[in-house]
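Q: I've just opened this one and I'm new to it. Can you walk me through it?

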Amino acid sequence: MRQMIITGLIATAVALPRANTLTTQYGSGDLATTVIVELTTDQGITGIGQTAVAPRSYGETVEGLLTNIRHHLAPVLVGRAAHNLEVMHRDMMRALPHHWSSHAGVELALWDLRGKALGVPVYELLGGKVRDGLSLMGFVHHDTPERMAAEARRAVEEHGYPVLKMKVGMDPREDVARFRAVSEALEGRATLQIDGNTGWSLWEAIWALREMVAIGGLGAVEQPVASRREMSILARTFATPIMADEAIYAAQDAIDVVREGAASVALMKITKHGGVAQVRDIATVFGAANLSLSVAIYFDLIAAVAAHLAVALPCVTWPSPFTYLKDTILEEPPTPEGLWLFPSEAAGWGVTLDADKVAHYAVGRASYEG
């Protein structure tokens, strides 16, 4: 079979409206901003990838992502055969170390190309299915205690979610008040995963978690403090699982988290880790330690990727909430079915860009040709 050569790259930044305002200790926002990557080839096949933009979380702005992809990563790929993923992944890391968000969009497009060239879904490239889909939890948006309680009650009654996620990490006393309202509204029908986004000090975390344990219904605690040392203290103090998020970027971080006993579960954000290869490596570390992962679903192409990873990686046993937007840049976006999100059986990621929607929501663009 003639080798497929990468002939060009197009990176387009898009900003889509969220269905609900997202509020965390990093701030509030009504838009979901991402960068779409398209890799063109001499055989007429185009691979697509997507990376999220969250400067306060991931460190790269829209302008930075477009610049990095155009000037540092595209020259590594264009003009080369598309089949050797591992070599190109290594070469991109050498060309631009530690810029995980920039890598993610390009790397996802490479996996899509490989799947399309072979005519198989990406999960087959990862070893095939170990389960059928990605299990879902619900999400309670940050609001007044009364409104959060009402949203939690509706989520359980309408969807039957076994777990609901809510944001904390702001004012500890207000966080506890919101947790109490939601927990009492649930009446034991679901447990709560709280996400602090590193917003608490160690002592705030100890006080708040003791209060929440006494209230009841606490199912997991996601990254309430910044350091692994403080997470380890919380893990030794409380029986509730501590979940790592910001503590893990590169795969080497996962080794440190396991060694220090800082978490028993971790949330994989595909953008934050630079794409599929590092998520796969982190899953190897956590699986060997008999620990669990969750894969953040987010939206559009990233949701499709999450489903492929979840069905192929054995230790992805923790559910994740789906992110709803008011619109999409895909012709047929991934959609939950009951309590599950299933991957497409089509080649690659199994999704197609809607060119008109991409153009409509575009806020920046960069391109490169050999």
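**Helix over sheet**

A: Sure, let's start with helix α2 (residues 62-77), which lies across β1, β2, β3 and β13 and runs at about 15° to β13. Contact means heavy atoms within 4.5 Å. Axes are lines fitted to C-alpha atoms, for helices over the stretch in contact, with angles from 0 to 180 degrees between N-to-C directions. Helices (H or I, at least four residues) and strands (E, at least two) are DSSP runs, numbered from the N terminus.

Q: Anything to know about the model itself?
A: It's a predicted model, where local features need pLDDT of at least 70 and side-chain atom pairs count only at pLDDT 80 or more, while totals for chains, interfaces and linings use all residues. Residues are numbered from 1 along each chain as its sequence is written, and side-chain values use heavy atoms, with hydrogens and water left out.

Q: OK, what's the order of the strands in that open sheet of 4?
A: The order is β3-β2-β1-β13, with antiparallel pairing; two strands pair if DSSP finds at least two bridges between them. The edge strands are β3 (47-52) and β13 (362-369), each pairing on one side only.

Q: And how many bridges join β1 to β2?
A: There are 14 between β1 (residues 6-24) and β2 (residues 27-41). Alanine 13 stands opposite valine 35 in β2.

Q: Which strands does α12 lie across?
A: α12 lies across β1 and β3, at about 100° to β3.

Q: Switching topic: which residues touch the most other members of the largest nonpolar core?
A: Ile194 and Phe286, out of 123 residues. The largest share of this core, 11 residues, comes from helix α12 (residues 300-312). A nonpolar core is a set of buried Ala, Val, Leu, Ile, Met, Phe, Trp, Tyr and Cys residues joined through side-chain atoms within 4.5 Å.

Q: What does isoleucine 194 touch?
A: Not counting residues up to four places away in sequence, its contacts include Met166, Phe179, Trp200 and Leu218.

Q: Now glycine 115: buried or exposed?
A: Glycine 115 is buried, because its relative accessibility is 0%. Buried means under 20% relative accessible area, exposed over 50%, partly exposed in between (1.4 Å probe, protein chains only).

Q: Where is glycine 115, and what does it touch?
A: Glycine 115 is in helix α4. Not counting residues up to four places away in sequence, it touches Val120, Leu125, Ala347 and Gly348.
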